[in-house]
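Good morning, and thank you for the time. I would like to take you through the charged side chains and the cysteines of one protein chain. Please look at the structure first.

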Amino acid sequence: MHPFCCVPPVPVSPAASAAAAATAAASSTVAGAPAGVKLNEIVGGGISGILYKWVNYGRGWRPRWFALHDGVLSYYKIHGPDRIVLSLETERGAKVIGEDSLRRLSRPSTSSSSSAHSNGHHLPRKPIGEIHLKVSSVRESRSDDRRFSIFSGTKRLHLRAETREDRAAWVEALQATKEMFPRMSTSEMVGPGDTAAAVAVSTERLRQRLQQEGVSEAAIADSERIVRTEFEVLHKQLVLLKQKQTLLLDTLRQLETEKVDLENTLVDESQRQSKEYGSTSRSKNEKYSEGSASESDDYNEPQDPAEDETDDDENIYFDTRDFLSSSSFKSSGSDFQRSEAGSDDDDDYPMDGIDTSMKSVGISYPYVRRRKKLPDPVEKEKGVSLWSMIKDNIGKDLTKVCLPVYFNEPLSSLQKCFEDLEYSYLIDRAYEWGKRFDAPYISYAKTQGNSLMRILSVAAFAVSGYASTDGRSCKPFNPLLGETYEADYPDKGLRFFSEKVSHHPMVVACHCEGTGWRFWADSNLKSKFWGRSIQLDPVGVLTLEFDDGEVFQWSKVTTSIYNLILGKLYCDHYGTMRIQGNNEYSCKLKFKEQSIIDRNPHQVQGVVQDRSGRTVATLFGKWDESMHYVMGDCFGKGKGSENFSEAHLLWKRSKPPKFPTRYNFTRFAITLNELTPGLKEKLPPTDSRLRPDQRCLENGEYERANAEKLRLEQRQRQARKMQESGWKPRWFAKDKATDTYRYLGGYWESREKGSWEGCPDIFGQVPNDLMITD
């Protein structure tokens, strides 16, 4: 029998028995733990000490002060302005684990600390995080005898002790505390009070009412029996449902642990084989220190890069499921009605040929008929295992890994940049808001100003770019150096152009001109393969400038692709996005990272603040569904969710296409690689639509597409040497002041003239003047 099983978390009667049991157990030590860790220290002053918490790949392991008390594990910062005040006085009665912890307690207090402790008063100890052990599981690392993790179903802590003995002490204390604070019993699930007494009260009121009606005593007794019987049935059903819910949560936690174990086993086996054949280099992985896949198999799950910011806050993501019904929200005004990009109809456009999303902002663009499906495949696709292709590339940059064409989608990264502008009507709407500051029919426009509604529309646009990534598991083609892509969409009122301006690092620059606005960006993805997932960290700034001089800038959040080995592939976006404006308002959006038992994933929440830091509007929604806003601060302390009934719809995702594709393309994505009649003759030889491997893949000619891809990759190996020898992009130049690529102009003028001098045939054979030998 475990020495703690006889000690209940609360006193029970008879009192003498409880006292005797507690006294007997208090004298025993934790089995297998170092001497000195006793039960009375766990249930009394608790356990405390320094553990190293994994934050992210940028910050690595950071020391935190952990305190275990009353079944709750809390942790505090020990550096910086928000650090915890530690002394022998504050930790009196607690068992301190670790020599470093004891040394820190023995240090003399600073003057500020001494003044704070004067007269016996201490500064408030506010934890930056808590874990309730009664709903958590503890798991020791098999690859490092100092590490362990705690999983609560929605949050996971990766921790590291100073020594193996310290880890054993912590794990033993945590496991013992879990047994002292068990899961809720059946009586606790149902609620306090005696069921029979509750029924007696109910039947007494029933008896009085029936007696007032003159019902016979026999009928009253029969009615009381029926009520008791029905209540007992409902009571049993409720208990059964609660038990099933508890079992389901336990099963999910167990499955999560088994899933991680299985994946780690596969990764370990792959690395072992790689080492035997000498196919991997340990020196390359050492630079990733404790975040590498080879050293930290249990901790290679990417963390939120904004955790160092959100670690201090208690960011609670409420369940938006109840608030996202279409009937729960008001429109944004008479001329700014909710827009769904005309996707609720079978056709993309109504009978008058005007996109309904443009009608919503009072702009009329011409109708252009575009294709609604991809060509039928010529060949039958072959099944290829992704894991078999990338298992030898753990810890490497995937932009340097050559994969067969079967893992690509028939779009290039240049075209993917334009796909972010699918909901460009939001920018048109933002431009119109700037012109309609004194709109008399919009009451809150007068009080909040046009810049507020403008930044709300810009924020919705920034989120909408992620909607097309839902269900997209294939990789876009990596453009060749100097490859370009144009998109002339008069039906959206814009012209877009992009070019690959650098090969190593791979940088894509783009420029777009719309009605009253300009948009430009250069982007680079730093990718990392972690065995069971791929992490993509975007580098670059997106800029939106309106004709009236207002400018907004933001950067994208981290993207990860999971279940490369087992399960269904899916992607998730997480982190913090800040939209900075040069006028009065700025916006902060937080993308919640998805967990294994998250019933409501893909949540996004944010606030708009003025220059003084006051929150003037609140945004919430999902990046794959819709975004809404409410005036004022709805996430402040003590504020409930009742204000969300007054939410207004900013953006809603378009409906899927009539003809689904294996790539899960949206209606807009299906049109990106289309060669409309007469377009081929106007394009430069560098346009992505003319790339042969991409065109063959779209047509379903898989064998030919794979052969063309291999040929172009051979040609692409010359790109780095070309770049080192002085190659410069044709249409973009690097701005030394901002270190970004800006459009030089001239492309659309050359297109009008049909003059493409200086644009080589990059998809053909390698010209002799471009051949560079070692």
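Let me begin with a question: is Glu213 buried or exposed? Glu213 has a relative accessible area of 52%, and because the cut-off for exposed is over 50%, Glu213 counts as exposed. I should say at once that this is a predicted model, and that the values I quote are computed from it.

Glu213 has a charged partner. Its side chain forms a salt bridge with Arg209, and the closest N and O atoms are 2.5 Å apart. Arg209 itself is partly exposed, at a relative accessible area of 44%.

In general, side chains of opposite charge can pair when their charged atoms come close. How many salt bridges does the structure hold? The count is 32, and I will discuss some of them.

The next pair is Glu140 with Arg167, where the N to O distance is 3.0 Å. This salt bridge links distant parts of the chain: Glu140 lies in strand E6, residues 137-140, while Arg167 lies in helix H5, residues 164-180, and the two are 27 residues apart. The partners also sit in unlike surroundings. Glu140 is partly exposed, with 40% relative accessibility, whereas Arg167 is buried, because its relative accessibility of 9% falls under the 20% cut-off.

A further salt bridge joins Arg704 and Glu701, with 3.8 Å from N to O. Here Arg704 is partly exposed, at a relative accessible area of 49%. Elsewhere, salt bridges with shared partners connect Glu409, Lys416, Glu419 and Arg472 into one network.

I turn now to charges that gather at the surface. Which residues form a negative surface patch? They are Asp488, Glu513, Glu749 and Glu752. Of these, let me single out Glu513, which belongs to strand E13, residues 507-514. Glu513 is partly exposed, with a relative accessible area of 33%; a patch residue must have over 30% relative accessible area and no salt bridge, so Glu513 passes the area cut-off.

Finally, the cysteines. A disulfide is a covalent bond between the sulfur atoms of two cysteines. How many disulfides does a search of the whole structure find? The search finds zero. Two cysteines may be mentioned by name: Cys587 is buried, at 3% relative accessible area, and Cys759 is likewise buried, at 12%.

Thank you for your attention.

Technical notes:
Residues are numbered from 1 along each chain as its sequence is written. This is a predicted model: local features need pLDDT of at least 70, side-chain atom pairs count only at pLDDT 80 or more; totals for chains, interfaces and linings use all residues. Side-chain values use heavy atoms; hydrogens and water are left out. Patches are made of residues with over 30% relative accessible area and no salt bridge: like charges are joined within 9 Å, nonpolar side chains (Val, Leu, Ile, Met, Phe, Trp, Tyr) within 5 Å. Accessible areas come from the Shrake-Rupley method with a 1.4 Å probe; for residues, only the protein chains shown count as cover. A salt bridge is a side-chain nitrogen of Lys or Arg within 4 Å of a carboxyl oxygen of Asp or Glu. Lys and Arg count as positive and Asp and Glu as negative; His and the chain ends are not counted. The place of a charge is taken as NZ of Lys, CZ of Arg, CG of Asp or CD of Glu. Helices (H or I, at least four residues) and strands (E, at least two) are DSSP runs, numbered from the N terminus. Buried means under 20% relative accessible area, exposed over 50%, partly exposed in between (1.4 Å probe, protein chains only). A disulfide is a pair of cysteine sulfur atoms within 2.5 Å.
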